[in-house]
Amino acid sequence: MKNFRIYTAIVILFTANLLSGCKNLFDENDIQINPNAVTDVDVKTLLSGTMLGVAFLHEDTDVRIASMWAGELNGLSRAHLGFAQYIVSSQTFSWNNLYPVANQARLIQTKADVLSDKWTKGVGQILEALVIAKATALYGDVPYSQAFNSQDFPTPVFDKQADVYAALQINLDKAIINLSATTGLAFGANDFIFQGNVNKWKALANTLKARLYLHTNNYEQAIASANLGIQNTNGDALIPHGTSQGQNTNQNYDFFRVSRAGDTGFEGTFLRALMQSRINGVNLKTNETALYNHYVKVGITAPNSQDPNTTDGAFVADAPHPIISYYENQLIIAEAEARLDNTNAALVALNKTRATLATGYLNGKIFSATNRRYDAYLINDFGILGLANPTNLPTVQRAMLYEIISQRFIILLMQYEAFNDYRRLAAALPVVQLPIMLIVGTKKPQRFIYPQQEINANPNVPKPFPDQFTKVAIFQ
C-alpha cells in the first residue's frame, strides 16, 4: 500500500499494452519523461487508463481461481492444478494491480472536482466501487477509509467488511447523483465501455448496488436498485476485445489457448454436470445444448479434453467479457423476489432472462440456435414432480430458487461473482444450494488470503491471519 504512486503508473501502462492496443494513449510528454508522474495526466486520459485497469481485474488470475473454487472450472496442470485443490498461500495473491487501479479511480474524482465535471466524477466513483467491491468480497476486511492517503496513512487500517459494503453503497448513491447532473464534460472518446452514455453508467451503478444488497441479504433494496439497473442487453458493461495477439485479445483466450493451453478445463466440474442435466433431463422447456457447446469444445488441447471453447464459442480472441450485465440484473430480481416468497414476481424476472437466452445472446455474442430452448415457465412447473423441480424440493419457492441460482451459476461463468454465490448461498434463507463437489478434502474454500507484501508492510493486517477456509463476515 505504500507504493501506490509507483504502481499507479505501472498498472496503467501495463493494462494499456495488454488490453487496448491504443499505442498513442499515453503520448503526453510528462508521461514519456517520467512514467511515475501520473498526477499530471489529464482526466480523460486517466479515465481511459483506469477503465483498462478495471477491465484487467475482471479477467485476471484471481477470476480463474474464483471460478475454480466455485466449481465452474478445473485446474489440470502446473500452478492451476494446485489452485483447484485449494493449495494457495499469501504468496499466491497480490494487490499490486487491485489497489493502484482503485487509487486511479479516486484520482479521477479529484481531477473532475477541479473541472466541476460531475459526469466524469460519477464514472470514477463507479470504477472505484467495482474494484473495492471485488477486494472486500474476496478478502473480507480490507483497507478503504484510509486507503488513498499514503502520506497520512502509510499503513491503513482494515475496515470491517460490513462497513466497506455500507461505504460502497454511499459512494454509488453519490455517483448516481453526479451522473444525474444536467451538464458535464463529454468523455465518450475515452469510454470504451459505454462511449460516454451517462444513463448506462447510472444503470450499471444501480445494478452494482443490487449485487451488493443481494450479498447482504437486503432483498427489498436489491429489488429496488435492480429495477433502476440494466434493463436490456444494450446496457451490458462489456470489455471489448479484438484479434491482435498481445494487444487486445480476450485474456481468457490468451490463457486457455495461447499461454497456458491445457492447464485448465471442464473435466470433473459441477458446471459440466449441471449443464448436461439440463440437456438430457426431464425439463422439456429447457435445452442448454447450444450454450454448453458455446462454452465447451472437445479435443482442442488433447483427445477428448473438455476445453473452454476458444475456437468458435465463448472464449474466442475477440469475445467481449462482462463486468456486469442485464442477465445478472434480472436474476438478482428473480432471486430476491423468490427469497421474499413473491414467486409470481420472481417468475416474471426469470422468464425475462429465459426469453433473452432464447435469442442466443450472451455477452455480446450469439450462440447457436440448434438445440437452444428456453420456453417460459409457469408456476406449476415448480411444484412437486414439476418439470422445473428435478430434485422434488418441497415448495414452489425452493424449487424456483434452485432454478434461479442454477441459471446464475451457468451465466456467471468466468466471473468472480460465481464464487460469491457459492459462499453466499450457504447462509441465505431459505437455504438452497447447488451440490457442488469438493475437489479435495472436506473444507470449502471461503476467501482469498491476504498478500504477503501487505502482511510485511502493514501491521494492521487482521491477526491471526485467516486462511482460505475461514469465512468472510458477510457470508456467515
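The following conversation asks how a few descriptions of this predicted model are justified.

Student: What should I keep in mind about the model?

Tutor: This is a predicted model, where local features need pLDDT of at least 70 and side-chain atom pairs count only at pLDDT 80 or more, while totals for chains, interfaces and linings use all residues. Residues are numbered from 1 along each chain as its sequence is written, and side-chain values use heavy atoms, leaving out hydrogens and water.

Student: Why is H9 called roughly antiparallel to H10?

Tutor: Helix H9 (residues 198-215) and helix H10 (residues 219-226) pack at about 165°, with axes 8 Å apart. Angles run from 0 to 180 degrees between N-to-C directions, with axes fitted to C-alpha atoms over the stretch in contact. Under 35 degrees counts as roughly parallel, over 145 as roughly antiparallel, 65 to 115 as roughly perpendicular, and the rest as oblique. The angle of about 165° therefore makes H9 roughly antiparallel to H10.

Student: Which residues make that contact?

Tutor: With contact meaning heavy atoms within 4.5 Å, H9 brings Asn 206, Lys 209, Ala 210, Tyr 213 and Leu 214, and H10 brings Tyr 219, Gln 221, Ala 222, Ser 225 and Ala 226. By class, six are nonpolar, three polar and one charged. Here Ala, Val, Leu, Ile, Met, Phe, Trp, Tyr, Cys and Pro count as nonpolar, Asp, Glu, Lys and Arg as charged, and the others, Gly among them, as polar.

Student: What makes H12 oblique to H16?

Tutor: The axes of helix H12 (residues 270-280) and helix H16 (residues 396-411) cross at roughly 120° and come within 11 Å. That angle falls in none of the named ranges, so H12 is oblique to H16. Phe 270, Leu 271, Leu 274, Met 275 and Arg 278 of H12 meet Glu 403, Ser 406, Gln 407, Phe 409 and Ile 410 of H16. This contact has six nonpolar, two polar and two charged residues.

Student: How do you know that Ile 436 is buried?

Tutor: Buried means under 20% relative accessible area, exposed over 50%, and partly exposed in between, using a 1.4 Å probe and protein chains only. Ile 436 has 12% relative accessibility, so it counts as buried. This residue sits in the loop between helix H17 (417-424) and helix H18 (452-457). Leaving out residues up to four places away in sequence, Ile 436 touches Ala 70, Gly 71, Phe 270, Phe 409 and Tyr 422.

Student: Why is Asn 392 called partly exposed?

Tutor: Its relative accessible area is 40%, so Asn 392 falls between the two limits. Asn 392 lies in the loop between strand S10 (372-374) and H16, and its phi is near 55°, a positive value in a residue other than glycine.

Student: What about Tyr 86, buried or exposed?

Tutor: Tyr 86 has a relative accessible area of 5%, so it is buried. Its phi is near 65°, also positive in a residue other than glycine. Tyr 86 is one of the residues touched by Trp 69, as are Phe 83, Val 88 and Phe 93.

Student: What makes a set of residues a nonpolar core?

Tutor: The members are buried Ala, Val, Leu, Ile, Met, Phe, Trp, Tyr and Cys residues joined through side-chain atoms within 4.5 Å. The largest such core here has 139 residues, and Trp 69, Ile 126, Leu 127, Trp 201, Tyr 295 and Phe 448 touch the most other members. Helix H7 (residues 118-139) gives the largest share, 13 residues.

Key: Helix = DSSP H or I, 4+ residues; strand = E, 2+ residues; numbered from the N terminus.
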